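Grab your viewer and a scratchpad. Here are a few exercises to work through, each with its solution.

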Amino acid sequence: FTDALLDAWCPRHLLLVDVGGAVKGRDNVQLGDVVTHTYLYYYDFKKETADEEDSPRNLPHAAPSTRLRELSRRPSIRGENTWIERIHVRRPKKGLPKVLPGEMLVGGTLFANSPRLHLLLKKHPKVIAVEMEGAGVARGILDRSVRGEVPEFLIVRGMSDFCNVPPAENQRMRDRWKRYAAAAAAAHTYALISEMTPQPAAEGESSQRFSQHDEPFDNLWQS
C-alpha cells in the first residue's frame, strides 16, 4: 500500500496518524497523550531458535524526519496549547493531553500484558508506546529512496490504552479512550502542519515560523 501511495501521489510529507498503546509507568505518559516517534523497534522480524527464544533481526527502515520532529515541538516550546481546542471529542477524564517524543515497539502479534511484551519492554527500556503499521510504512519509504525522492516521515499516535495491563482492563480503556485519543492525534497533526504554513506576521517580523525548502530537509536512515 505504501509503495502504491508514494507512486500515485509523490507526497513531500507522510504523517501516519492513529491511536496506539502507551507503556504505563514510563515518562509519565497518560491516556489521551500524543506520542511522536523517535525510533522504531520491529519485533516481528526475528528467528526462533531451537529453545524457542527469539533471535532478533534488524529491518532497515526510514527514520523520522528531524524537521517534522522539530515542528511538532514548536507549539509547546512557545507555551502554546491552542491545538487542544481542536479536540472536538469529550475527554473521558479530567486533565489535559501533552505531546511526548519517544521510541515505539511495532508489530502485529503482541497481546496486552503478555510475557513476550514484558520481555520486549525489558530489552527496550526507552519505549513508551506500541503500534502496528509504522514499520511497513517506514520500510516502504526506505525502498522508495533508491528510485527517487522520499517524503519526510513521522508517526503521530494518540494513546488509547495501556499495553502492559491485563487484557480486560486494556480493552475497557480502549473502548473508553479511543475516540478522544484519535481526535488528539489529529489535532496535534493539524498544529504540526500549521507550523509549515506561512503565518501573518507583525511589521518587521518574518512571515514564516520555520524556513521552507524546495526539497525535503532531511531523510536519515536507521537500521
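What follows is a short set of tasks on strands, helices and a salt bridge.

This is a predicted model, so to speak of local features takes pLDDT of at least 70 and side-chain atom pairs count only at pLDDT 80 or more, while totals for chains, interfaces and linings use all residues. Residues are numbered from 1 along each chain as its sequence is written, and side-chain values use heavy atoms, with hydrogens and water left out.

**Exercise 1.** Work out in which order the strands of the closed barrel run.

Solution. Start with the elements: helices (H or I, at least four residues) and strands (E, at least two) are DSSP runs, numbered from the N terminus. Two strands pair if DSSP finds at least two bridges between them. Walking round the five strands gives β1-β7-β6-β2-β8, and the pairing is mixed. On average, neighbours in this sheet are turned by 50° against each other, ignoring direction.

**Exercise 2.** Find how β1 pairs with β8 and with β7.

Solution. Take β8 to begin with: ten bridges join β1 to this strand, and the two run parallel. As a landmark, look for leucine 15 opposite leucine 154 in β8. Now switch to β7, where β1 pairs in the antiparallel sense over two bridges. Here glycine 21 sits opposite valine 130. For β7 and β6, you should get four bridges and a parallel run, with methionine 104 facing alanine 129 in β7.

**Exercise 3.** Describe how α1 packs against α4.

Solution. Fit the axes as lines to C-alpha atoms, for helices over the stretch in contact; angles run from 0 to 180 degrees between N-to-C directions. For α1 (residues 2-9) and α4 (residues 134-144), the angle is about 50° and the axes are 9 Å apart. That makes α1 oblique to α4 (under 35 degrees is roughly parallel, over 145 roughly antiparallel, 65 to 115 roughly perpendicular, the rest oblique). Next, list the contacts (heavy atoms within 4.5 Å): Thr2, Asp3, Leu6 and Asp7 in α1 meet Gly136, Val137, Gly140, Ile141 and Arg144 in α4.

**Exercise 4.** Locate the two partners of the salt bridge between lysine 98 and aspartate 33 and say what the pair ties together.

Solution. The criterion is a side-chain nitrogen of Lys or Arg within 4 Å of a carboxyl oxygen of Asp or Glu. A search of the whole structure turns up 13 such bridges. In this one, the N to O distance is 2.7 Å. Lysine 98 is in the loop between α2 (66-77) and β6, and aspartate 33 in the loop between β1 and β2, so the pair ties together parts 65 residues apart in sequence.
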